[in-house]
Structure formats: structure tokens, C-alpha cells
Amino acid sequence: MSRKSAEKRWDWAKNTAVEDIKQRHVDIAYGTTIPACKPNSCNRKGTNCKGNPNCLQSIGEKFWLGNIKETHWLSIPDTTVEEREKDSFVGLKNLGATCYMNTLLQLWFHTPAFRAAIYSWSFNPERVAERSDDVAVEKKVEEDVTTSASSTVEQAQDDDRLPEEPPLSIAEFPGSSEVCGQLQLIFSLLEYSSRRYIDPSSIVSTLGLDRNVQQDAQEFSKLFMSLLETKLSQECPSGNVFREQFGGKYSYVTTCSVCRNESSRSSQFYELDLSIQNNHVLQECIQDFLQEEKLEGDDQYYCSWCCQKQNASRRIVVESLPPILNIQLLRFVFDRATFKKKKLSSYLQFPQELDMSPYTDVTDPSTSFVYNLTAVLTHQGPSAYSGHYIAYLYKKEMDSWWSFNDETVVKLAGKKLNLATHESEYGAVRSRNPPRLLNGHQMSSGAYMLVYTRKPKWEQNEVVDLTSLSSPPAHLSELVALDNSRFEQWATELRQKATERVARGQAMQKQKCDLYQKLTCLERTNEWEWINLAWLKAWLSKDLAKGPGEISHGDVLCPHGRVDPLKCVQLKRIRAEAAAELYGIYGGSPRLCGDIRYCVTCVRRQCRKIQLKDQLQVDHRLITSLAKAPCTSASGFWIGKYSLRSWNKIWEEKQRIEEEKDLDEEVAATKQSEEPAEIQENAQCSESEFEFNHDLLCKEHGQFTAKESARRLVSAELWRKLKEYFPEAPEFSALHPPCVDCLRGSQADEEEKERMKETAAEAKAQLLDLYHGRNRPEIASGDDRCFVVSAVAINAWRRFVRYPTHWPSALDNSPLICDHGRLMFDVESKAGIRQDRYSVVTVKEWTDFRGLHTSCECVIEVWRDESSGSLKSLPEPCEPCIAVECDSQMEQELQYDNVTVSVLKVNDLDAIEFPPSSNVYDFDDDWRSEVYSLDEGNDPDAKPPNKKLKLGENFAPRRSGRRHCRSGEVKILVSSRMTLKDLKLKVMNKFLVLPSDQTLSLNGKELIENDVTLEKLGIRPNVTILLKVDKINDEVEILADNTVETGFKGTGLLGQ
């Protein structure tokens, strides 16, 4: 209910006496006389009228009264989304960053020769130590799958639970630990699975790949092909299929420029690696690959005919081409300037039909050199370390192109590939001015691998007859069939659940619509009840997962056990018939019907409060006006300033206490309790401690206070008005004498305060240099004696000088004395307690300073012995305690967090010399605060002097603690818990030098223990560590986040 609506309900209370309240006034206060709102007629559309208990609009009924789609009742997975579409292909789930692998697996699977070669592999238990009984393994697999399927059926029998989608969890099978066996399984599922996509976790685990790190797809292709060729050549009868279908041959021909002798070296290739830098068409990349290279200068060729190094030329000659030509476009290159890998996003055009005859010396007329484009693998994204991989494959049997994007497999419109359009759909960055597309060509800024298939001549057939090997092994076919059975059973059960839920939902809709139509209450009827608005909204909520629960009304009842008129905004009026049905279905208590619906007593009390509040506002304006006029008349009255300022709040608090007391008595009388006296006693105990005008009473004697700052003289008219509210308040006329005892004590306090100020001023004048911390003598310089005073004692004296309220009677030197009664620092070496914990004073300063204190726990005197010339002290230094203190300080210095150390790059660790920091001066304002270094960390009151000090003739500027960075020096944020290895990684981040190329040293000692923390290495804050770079390793790439790229190290692709 809005504030204005609440006020309108009680407008009648301002002009109605409490004893004249009738039932019609109660109805108005509860709002039951307001007509019910019609649909779409509320003041704010789409919002329920909270001020109208008869308004039942916009509480969620529109959803149930409308047409609800069947999908709303389901809240279950759509089986059509999970099932494989007819005449479509199966996708591969992206496990995090495995899209690079998914595109290559799809490419290889949809290459019939490759798939047939994988299917031809058979597991040899003698070659790889695995399970000894394959029959038992197959039986165990079948039992596991059957058990899992039956458990799914048992779970589905529960009406309240949906059957979970059976995971693709095929147990061990012959060859499951081998890469070829896992690849057979993936290919079998891609060919025959009923799922829309499958999970390749098994092959990822077998290869040991990190599913959260995106790897180089081209490197993965090379390593995986090499691994498969090795295994198939050893374990498969058709092991040469890779060489026959994907292998070509070219030669490096070197010609001596002097004798024209030629030498040739042949090389087998499975992929052509072509550079795209400064090239715009694929044919240019091929020409660049075959370009003749000059070998001159340091690159001269040793000619076996001339028997010496000669200038020569080298070229590549293509001797044979495979039926399936894989072309790798080198989009990802290493930038030596930034020490990072980058992607080349320049456009490249490549033909739909590629004629390779100009690029080979083969003249066999029976061989075709024309290739058709059958696959394009692309990378979307500007960075070499992130992005997304997508494969576009041509299916000859369907004469159509398909897009393989992880789980999503889509048939592309038309028979020709329009790669530029499809790349833009996946968010590829397009240039504002792309080059003009050549006829019969495709154009891409993200293609990194092209696959061309030889176009056969009419008289020959290049297709290898591998029909007998084109089916998966029998045991895998059985496993796939079992998985399909489980999946289809799950889909059937899910569809049955969907039908049941739709029927239940429609029945629920009809029930709620019928009940809602019965809720609206007639204006003149007496058969109605209150019901909680929040519960009604929960009942009509379209969120089926959360039910409304039992009917509850919250805290809407007054202390009399009836509906509170101020809280009825949380309730709505509904017909008793509809309420009975709702309580019958959902239960709950209490039912707000009958006499509980109204509380006349609370209505009368609220009426009385409104009238008193209005009168209070009128009187507050009057009293404020009277208080503005100053009163100097002897007929006035004294009033406490706090009482005058807060009289209305004091009265409201008093009224609240009295109201609670009256309310407790009413409740006790209603319940016929035997404890009214106890209730009254508790109410009296809860009264506010402050009474009006009691701030004029002194705490010690309870008489009229002598503090003029706490009181004010007001007119008699103002006082009489306040007496109407506080008749029992203490009254003090203008001529009322103050408390005699307080007057006498106040005068004594003022005299003592003035005396302390004079003493503090004298002490400061006597010891001005000590107060400002300047011109401090050295310990026993020359033949003079000196004394040592703790920083605690000096800071206590300074506080007294600034705020002369408490005199430091005792001179405390105990922080400088150990438990043995000896000195905690050595006066000669100054080892022990830090020098900022004490100060040296002259004999005269000590005499004056000691005279300001009544006692001194320990006098510390230092002098130079005439015979030996060494310093002596009384008490003597305690060597064991000094040693312990030094160790403690060292440990504290080695415990740090978020501090800086400097790293200086040098060419020679032994030749470096640090410039003395004493030659650097800093004339900033920091010197003024340096004199307060004496334990200011423990003195919150220590402040620099307000007036600037004048520089004397003997003043020397302080030497700055700051040190500016030199050339080749950087600051690094460290903590003592870091290891040396962590520090080297931070150094790599700053200097772009790999940890293996770093030599760090500190104070002439080389730091070599990488696993040791900086604390144990003795590295303190603000030290300078020298860095010498041993070498630059160009072969190791550094990622964008400055971590070393490990590639496929440690995976199964490298035999590990």
C-alpha cells in the first residue's frame, strides 16, 4: 500500500472522537469498502493495487487464464535436440578447448580411405600387455552396459524423477588402451550412433591431452598422422594406406654454379606447408614454395665435384602427388620482435579446382593432376592462443557441403561452398575492403588447412577398393548398438513423461482457473476471509519448480490475536467458499475469518495516535518559534539544551512505553492472565533512562548544574507549553542558584588546567630541540657523557606538551632493559634494539628532562673510557639478549608481502659497481616528518609541528631513502613465500628472458635453488638482484600471458 493510500484510509480519524468510532469506520480503516478492480482497470497497469484488498488483478492470473503451450509443462530435455537427424552426421562434444581436435577427427572420419585403414587395425594382445581374457572383457562390458540400462529404467519408474540421459560410458574392450582402438570407437560412433553428438573424452584421455588448453591444430595433425602411420605399418595389413593415399614425394635439387653438377635428395611428404605471407592466391604460395634459392656467402654449398664450397642454387622438384593432397597454410607464425606467436589474418583465395601440372616434372599421361577442393578447416578469432576451429567438408555421395562445428552439424545451402558468408556468421573479422573474388575461387581470412582430392580421368579409377575394410569391428558394432538401445529407451521414456506432464499441467490449469474465478468477493457479503497476498502470487506463479506450500499469513496479527489494521495491506479478501477449497488442498492455519478479521481496539488506538501526532506537529512549530526568541527576563525558566532540542522524541518514546504497558494490560485482561503485575513491572524496567529536563541535574549531587553550556533560558510561555507534555519535569526558574559543590570544583579544575599549561610551555622551551627531534648528539661523542632515553618516555612527554591534561610522572626506560636488568643494545656497535626506539640526550637535557618526572625506573648513562678509548654504559649491554633481538629482527625482515626488489640487467656480474646512494639528495618536505621517527608507530597522537622550521647555517639536507631506477633496472613485486622459480617467471615477464636463460645473483652469490623460497635465500625487501642473460632461445615460444608453451609435451602423441 502506498503512503497516500494509507493516509486516505485514516482521514476520518482526524475529526472523529475515539468513543464515536463505529463499524463503518473500521471497514474504511481495513479498506473493505473499496470496490474490486476489473481486469486492466488498475491505476498502474501490470501492478496489483496493494491499497485495495478486493483487487485480485495482476497477481499472476493472466498466465493461467491464457493459452499455455505444452512445452511449458515439460521442463525436460527435448529428445529431438539430442537425437540424430535423418540423413545427417554426428557431431563431437567440445570438452573445453578441444575444437581443434574435433575438426581433424571429422575430416579423417569423412575420408573413406582413412576410415577404412583405421577399421582394418586389429588388437594384438601379445604386442601390448593388456587383458589376458578378451572374452571375459567383452562379457563384462555387456554386463556393465546392461546393468546401467536397467538401472536407468528403475529410476524412470519414479513418477517424480525424470530418466537421466545415459552417458556415453563404454567400458573396456579389446584395444581400449590403444590410440587406434579408441579411434575405431570414435569412428564407429560417428557412423552408427543415434545421438546428435558424442563425447570424445576416451581418446582425449588415451592421448593425455589437456582439454582446457587450445593447442596448435597443425602440430596435432602432423604428430597424430605420424603416430598412426607408425602403428598401422607395424600392426595392420593395410598399413601403407597412408603413404598410398596421402603421401607424395619431392626432391631438393642443388646445382653448383661453377661446374653445374646437380645433387638430389628425395623426401616423403604428407602435407605441403605453404607460407601465406605476401601471397594472396594459393597458386602464388605454391610458386613461392618451389622458388629457387641462392646459396651464397655463409650459406655456400660444398660441391663434391669441385671439392670445395661454391655458390649454388637449390630448388624443390615435385616427383609425385598423392590422391589426397593436404595443404597446410602457415597462418600461425612466431614473431621474434615480440617473442610471441601471432596469427596472420590476411585473405587468401584458393581455387575450387586446382591444376598441379605446372608444379611437377611428372609427364605420365595416365595420371591426372587436377584436384577438387573437398575440405576446408578454419580458425575464427584474431589471436593465436584462442578462438574457434570449424571444418567444412564436401560429401560426394550427397553432392553437398557440410559445416562441422563441434556438436552442431549443418548442411550448407546450395551445392557450392560460399566460405566468406559462412565465416561471417561465426564472427570472423571481415575487412572493410576485401579483395575481389576470382572466378572459381574461395576466399578466407581464417583457413589454415585445405584438402584436395584428385579428379580421376574417365579411363582410370583412383578410388582404392577397401570395401571389405569399411565396417567397424564386430565387438565395437555391438557396443554401439547397445549404446543406441539405451539412448532410444531413454528417449522413449522421456516422451512418455512428457505426455504425462502435459496432462497434469492442463488439469492444474483448469483447477486454478476455476478457483480464481471464485476468489472475487462481493461487496456486501459477510462470507469472506483474509488470505496472504504473497501466497496467492506463489500459487499463481508460472514457475512449476516451486510450489506455494501451506497457506501462511506471516506476522499480520495484532497482540489481541486479530488482523492488524496496519498490516492488512499484506492480505486480500476472498470468498469463504474459495478459501475452504484452498485450505482443503494446501492446508495451513490460522484461517482469518469471523471475529478475527477486525480489531476494533487497534483501530481506536491508531485513531488516538493520529490525533496526538497532529497536535504534536502544531505544538512543535509553536515551540520552535518561541525558542528562536532570546529570553533575558528574570521570569524565564532554565531548560536543558538536549531536552529542548529533542523534546518531541523524548515524548514519543514516553508515549511508546506507555502504549506498550497499556497493550500488555489489555492482552493480559483478554487472556485472563494471572501475571498483570509482572508485566507491568517489566514494562517499567524497559523505560528510557533519560527523563525530560534531567540533563540540568549534576550527576554527583542531583542539583541544578553549574555548567552554563548545558542549559538555556526560555520564556515562561514556552515552559508552560512543555509542562503540558512533561508535568513531572524538574523546574528551575531564572534565579535558581546552581549547585554550590559543583561551582567550587569547577573553579579548582580551571586553576589546575592553567597550571598544567604553564608547566608544559616551560618544559617545551627548556627542551625545544628534543621536542622537535633535531640536533641529536651521537653516543658519547668526544669526551662528553650522555644519557639514553626510550622513545616511549619521550613520546609520553610530547603528548603532555601538546595536550597538557595528564602529567607523565614516571620516566619509563624499561623497554630498553632486558629481563636480566641489562641494556638491550650495544653502545659501540649499536646492535640490538633499533635506533628509532631510543634517543640520545646531553647531560643538560637529561637534567632538565629528569627533573620533569617524579621517578625513573632506570638511568642509562654512556661515556668513553679514557684508558681504553672504548664506550662504556651503565647498565652494561646483555650480549645474549642482544643476539636474540638481532635474530628476531632478521626474521621479521625476511617475513614480508607485496614489497619490491630491484632486478638490474648486466653483461658481466663481476664488473658491476653500484653508485653510492649518499651522492643523491632530496630537498622535498619529507625531512620535516623525519624528526618524529621515535616510535611514532605506537604514538597515534604524534603530529609534525604546525610551523615550518627555519634552516640554520649548520643544516644539511637529508639524504633521500629513495633510489631512482637505473637503465636496465626494473622493480618487481614479491613476497617472502615465493620461490626462486616464481621470481624468475616474473623476471621473464619484465625482460622477456626464459628462466633457463637467466643467471641471478645477490651480493656476488649466484641464486640457483629454484624451489627454495626468497626467505631462505636471504632476499630482503628493496635489495638489488643482478640478472645476466646467458642466451636467447628462439625455438621456445612464449604465450601472451608470458608462460612457456609446452605444446604436446608429455602426451601420447610423443610416445609419453
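Two strands count as paired if DSSP finds at least two bridges between them. The model used in these exercises is predicted.

**Exercise 1. Edges of the sheet**

Work out which strands stand at the edges of the open five-stranded sheet.

*Solution.*
- Step 1: Write down the strand order. It reads β33-β32-β36-β34-β35, and the pairing is mixed.
- Step 2: Look for strands with a single partner. These are β33 (969-974) and β35 (1005-1007), so they stand at the edges and one side of each has no neighbour in the sheet.
- Step 3: Add the twist. From one strand to the next, it averages 35 degrees.

**Exercise 2. One pair and a helix across the sheet**

Determine the sense in which β32 and β36 pair, then place helix α29.

*Solution.*
- Step 1: Take β32 (residues 899-906) and β36 (residues 1024-1029). Five bridges join them in the parallel sense.
- Step 2: Pick a residue to check. V906 lies opposite K1028 in β36.
- Step 3: Add the helix. α29 (residues 980-991) lies across β32, β33, β34 (998-1002), β35 and β36. Its direction is at about 135 degrees to β33.

**Exercise 3. Two packed helices**

Classify the packing of α7 against α11 by angle, then describe the contact.

*Solution.*
- Step 1: Read the geometry. α7 (residues 112-119) and α11 (residues 217-235) pack at about 50 degrees, with axes 11 Å apart.
- Step 2: Apply the cut-offs. Angles under 35 degrees are roughly parallel, and 65 to 115 is roughly perpendicular. The two helices are therefore oblique to each other.
- Step 3: Give the handedness. α7 crosses α11 in a left-handed sense.
- Step 4: List the contact residues. α7 supplies F114, A117 and I118; α11 supplies M225, L228 and L232.
- Step 5: Sort them. Six are nonpolar, with no polar and no charged residues.

How values were computed:
Residues are numbered from 1 along each chain as its sequence is written. This is a predicted model: local features need pLDDT of at least 70, side-chain atom pairs count only at pLDDT 80 or more; totals for chains, interfaces and linings use all residues. Side-chain values use heavy atoms; hydrogens and water are left out. Helices (H or I, at least four residues) and strands (E, at least two) are DSSP runs, numbered from the N terminus. Axes are lines fitted to C-alpha atoms, for helices over the stretch in contact, and angles run from 0 to 180 degrees between N-to-C directions. Contact means heavy atoms within 4.5 Å. Angles under 35 degrees count as roughly parallel, over 145 as roughly antiparallel, 65 to 115 as roughly perpendicular and the rest as oblique. A crossing is left-handed if the near helix is turned anticlockwise from the far one by less than a right angle, and right-handed if clockwise. Ala, Val, Leu, Ile, Met, Phe, Trp, Tyr, Cys and Pro count as nonpolar, Asp, Glu, Lys and Arg as charged, and the others, Gly among them, as polar.
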